[in-house]
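Dear colleague,

I am passing on the structure that I mentioned, together with some notes on what turned up when I went through it. Please open it alongside this message, since the notes are meant to be read with the chain in view.

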Amino acid sequence: MAGYDATAAHDLWEAGFSPLTAAVLCSRGCSTPREAADLLAVDGPLPPPEAMTDLSAAARRVRQALESGERIAVFGDYDVDGITSTCLLTQFLREQGGDCLFYIPGRMEEGYGLNTAAIDALHQQGVTLLITVDCGITAHREAAYCRELGLDLIITDHHECKDALPDAMAVVDPHRCDEHYPHCELAGVGVAFKLAAAIAGDQEAVLERYADLVCLGTVADVMPLTGENRVFVSRGLELLHTRPRLGLAALMDQCSCAGSPPTASTIGYTLAPRINAAGRLGQVELAVELFLTDDPQRAQYLARELCELNRQRQAVESEIYEQAVAMLRGRPQPAAIVLADERWHQGVVGIVASRLAEEYRCPTFLICLDGEHGKASSRSYGGFNLFAALEALGDHLESYGGHELAAGFTIHRDAIDGFRQAMEQRAAAFRDSADYRCALEIDCMVEPSLLTLQTVAALDQLEPCGAGCPKPVLAMGGLTVDQCGEVGGGRHLRLRLRKGSICLSAIYFSATQARCGIHVGDVVEVAFTPQINEYRGVRSVQLNVVDIRPMTADTQQSYEQALYERCLAGFVSPPEADWFLPQRPDFVALWRYLSAQTGEICDECAALREKLSRYAGVPASMIRMKLCLDVFAEQGLIALEHQAQRLSITLTAQGRKVNLEESRILRRLKEKKAGD
């Protein structure tokens with residue numbers, strides 16, 4: 001769990017961040033308001049396109065083609081990043097007066113990337129300049145073929161580079177080993193945008209026109225939402241909300257997400273899957289036309305078709321998932337999953353691989369067999385670098401490409417067993433290394449009192465959230481499960497959690513009660529992302545659960561100790577101070593209990609709390625009880641000694657009366673409660 005620097009958090013509160021947002025920013029390394037502003041900036045200056053290697057040369061060649069009326073082809077990919085890249089550059093060149101056509105290979109027939117048959121077809125159509133987007137960085141053979149034909153080739157890509165680059169007129173890729181561009185984690189559409197901006201000579205004007213496409217491709221390809229990408233996504237979301245292009249407006253309408261401001265999550269979970277479905281099921285032209293059409297009726301039709309394709313994709317995905325799980329049933333936990341089958345749909349296995357990687361917590365490789373050869377999609381887990389692994393095991397493969405989180409390759413059927421053994425060994429070694437990351441990353445611990453409508457709504461200060469700037473994941477312990485039931489046909493778990501007088505609703509997607517191992521009455525700790533739920537006009541805070549487990553005594557003690565120490569030091573937010581501030585009935589009940597004892601009291605903290613609860617007839621808060629004891633000790637009423645989880649208490653008042661309101665501890669908490 002990330003550290004929580006309450007002193008820094010206080011500075012962020014004073015700078016205008018809400019208590020909850022300040023705590024999250026502190027856990028992410030922001031110790032000053034300036035650092036927080038830099039992390040969240042969505043209006044920073046964009047580096048000039050010419051700072052990217054080979055981009056100036058590429059722009060000069062394209063301007064030459066535009067001026068001389070040459071036929072230009074944009075060659076893309078069939079995922080969201082590739083489709084948006086293709087549409088952006090095609091539309092831009094046409095608006096510049098260019099004779100431009102586009103080509104996206106059929107996923108089933110041609111596979112990924114440049115191929116000689118496509119090059120032949122484009123050459124026969126009179127193309128003299130071919131520009132790749134989101135692909136081409138490993139196309140050595142195809143680049144040589146273009147030279148043979150006298151066809152100029154410009155490669156723009158963002159995938160990992162091998163040692164040697166293709167022999168093209170220009171190779172633009174922020175991952176080049178000789179690249180010094182400050183933001184290397186651009187999506188393919190980000191690189192295509194940079195080329196368009198260099199050609200136009202006005203980066204701001206091009207972003208104003210195409211920010212929606214750059215945003216879609218960046219989010220869908222899971223690029224980190226930091227630096228330049230943060231500007232792209234923020235501007236794109238604004239454009240999607242205020243002036244969406246015809247096709248995207250129709251798609252949002254079909255998805256029932258029109259009207260409200262879209263977020264990166266809207267793209268990742270709603271729009272991108274529908275756009276991707278076209279490429280996955282071999283009808284990528286529907287998605288391309290959706291972005292380029294200016295016919296309202298056609299836009300509505302295309303949007304409906306994409307939604308229907310997505311439903312078909314979900315059905316195929318479920319079938320492949322069940323088949324893969326059946327293959328794994330009864331096996332020990334693998335270090336890596338490598339499965340192959342003739343029945344699988346090449347366009348869908350990547351989604352299934354991602355799901356299996358998360359559920360089995362290991363890198364996953366799913367191979368679609370066709371005769372003696374197979375095409376695979378793979379997904380990473382725990383920081384395992386897929387591209388580096390495929391590069392190391394290249395002798396087993398016919399070809400490969402991608403990046404560290406997602407990659408693809410082709411393989412001969414006879415090589416699969418050897419590849420599986422080698423990959424399992426490599427993944428097992430990685431799992432035992434210091435680089436393996438499997439623990440859930442928690443931003444900070446909170447108490448229920450901090451989860452108000454105002455503080456949760458203020459987390460929007462962190463938007464846009466996504467890779468590199470994820471939605472906050474908070475932790476809370478000592479919650480009692482009041483209600484627990486499965487919803488959505490048994491696919492999800494709905495919970496009601498209580499701590500003290502505060503009750504919270506929670507939803508745990510893709511989880512069952514059996515899998516979680518919890519029951520009504522259990523005391524649990526939960527990791528979650530808070531959100532505001534609106535039902536029949538009533539807004540309330542809801543926990544979107546990431547993980548939940550029964551709380552052990554040791555965990556409960558360490559959790560409460562950390563909160564207690566923050567309270568004692570005064571490093572708490574106003575809502576937390578209000579929650580923990582002892583009240584007169586707390587002092588009265590505790591003093592009556594202590595006065596009724598004889599001699600020194602030496603007991604476990606938990607036992608003392610339980611006895612006090614029975615004596616007073618009301619539940620006692622551990623933290624309030626310990627704060628009360630500290631106030632008594634501060635005012636000279638008791639001698640208090642802490643011994644790990646034990647307390648030794650001796651009454652020393654000898655009939656004296658004191659004014660507890662003079663306590664420095666109470667004054668500090670009251671000041672925090674007031675927001676001072």
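In this predicted model, Asp370 stands opposite His373 of strand 8, and this pair is a good place to start looking. The two strands involved are strand 7, covering residues 364-370, and strand 8, covering residues 373-379, and they pair in the antiparallel sense over 7 bridges. Together strand 7 and strand 8 make a hairpin that leaves 2 residues between them, and Gly371, which belongs to the turn, has a positive phi of about 70°.

Strand 8 also pairs with strand 10, residues 406-412, to which it is joined by 7 bridges, and these two strands run antiparallel. Ser378, which is found in strand 8, stands opposite Ala407 of strand 10. Is Ser378 buried or exposed? Its relative accessible area is 0%, and therefore Ser378 counts as buried. Leaving aside residues up to four places away in sequence, Ser378 touches Thr364, Phe365, Leu386, Leu405, Ala406, Ala407 and Gly408.

One of those contacts, Phe365, leads on to the aromatic side chains. A search of the whole structure finds 12 aromatic pairs. Among them is the pair of Phe365 and Phe409, which is tilted, with 6.3 Å from centre to centre and 50° between the planes. This pair links distant parts of the chain, given that Phe365 lies in strand 7 and Phe409 in strand 10, 44 residues apart. Phe365 and Phe409 are both buried. Elsewhere, ring pairs link Tyr381, Phe384, Phe430 and Tyr436 into a cluster.

Aromatic rings also have charged partners here. The charged end of Arg355 sits over the ring of Tyr321, at 3.6 Å from the centre of that ring, and Arg209 lies over the face of Tyr210, with 5.1 Å to the ring centre.

Next come the salt bridges. As a general matter, side chains of opposite charge can pair when their charged atoms come close, and in this model the count comes to 33 salt bridges. I have picked out a few that you may wish to inspect one by one.

The side chains of Asp178 and Arg176 meet in a salt bridge, at 2.8 Å from N to O. Which of these two partners is buried, and which is partly exposed? Arg176 has a relative accessibility of 11% and so counts as buried, whereas Asp178, with a relative accessible area of 35%, is partly exposed.

Arg298 forms a salt bridge with Glu289, and the closest N and O atoms of the two are 2.7 Å apart. Arg298 is partly exposed, with a relative accessible area of 31%, and Glu289 counts as partly exposed too, at 29% relative accessibility.

A further salt bridge brings together the side chains of Arg420 and Asp417, again described by its N to O distance, 2.8 Å. Because Arg420 and Asp417 are 3 residues apart in helix 17, which spans residues 416-431, about one helical turn separates them. Arg420 is partly exposed, its relative accessible area being 21%. Beyond these individual pairs, Glu204, Glu208, Arg235 and Arg243 are linked in a network of salt bridges.

Finally, I would draw your attention to a sheet later in the chain. It is an open sheet that 3 strands form in the order 17-19-18, and the pairing is antiparallel. Why is one side of strand 17, and likewise of strand 18, left without a neighbour in the sheet? Strand 17 (601-604) and strand 18 (638-643) stand at the edges and each has a single partner strand, so one side of each has no neighbour there. From one strand to the next, the twist averages 15°.

Within this sheet, strand 17 is joined by 4 bridges to strand 19, residues 646-651, and the two run antiparallel. Ile601 has Ile649 of strand 19 as its bridge partner. Helix 24, made up of residues 622-634, lies across strand 18 and strand 19, and runs at about 130° to strand 18.

With best wishes

Notes. Residues numbered from 1 in each chain as written. Predicted model: local features only at pLDDT ≥ 70, side-chain atom pairs only at ≥ 80, totals over all residues. Heavy atoms only, no water. Pairing = 2+ DSSP bridges. Phe/Tyr/Trp six-rings, centres within 6.5 Å; stacked < 30°, edge-to-face > 60°. Buried < 20%, exposed > 50% of the residue type's maximum accessible area, 1.4 Å probe, protein only. Lys NZ or Arg CZ within 6 Å of the ring centre and 35° of its normal. Contact = heavy atoms within 4.5 Å. Axes fitted to C-alpha atoms, helices over the stretch in contact; angles between N-to-C directions. Salt bridge = Lys/Arg side-chain N within 4 Å of Asp/Glu carboxyl O.
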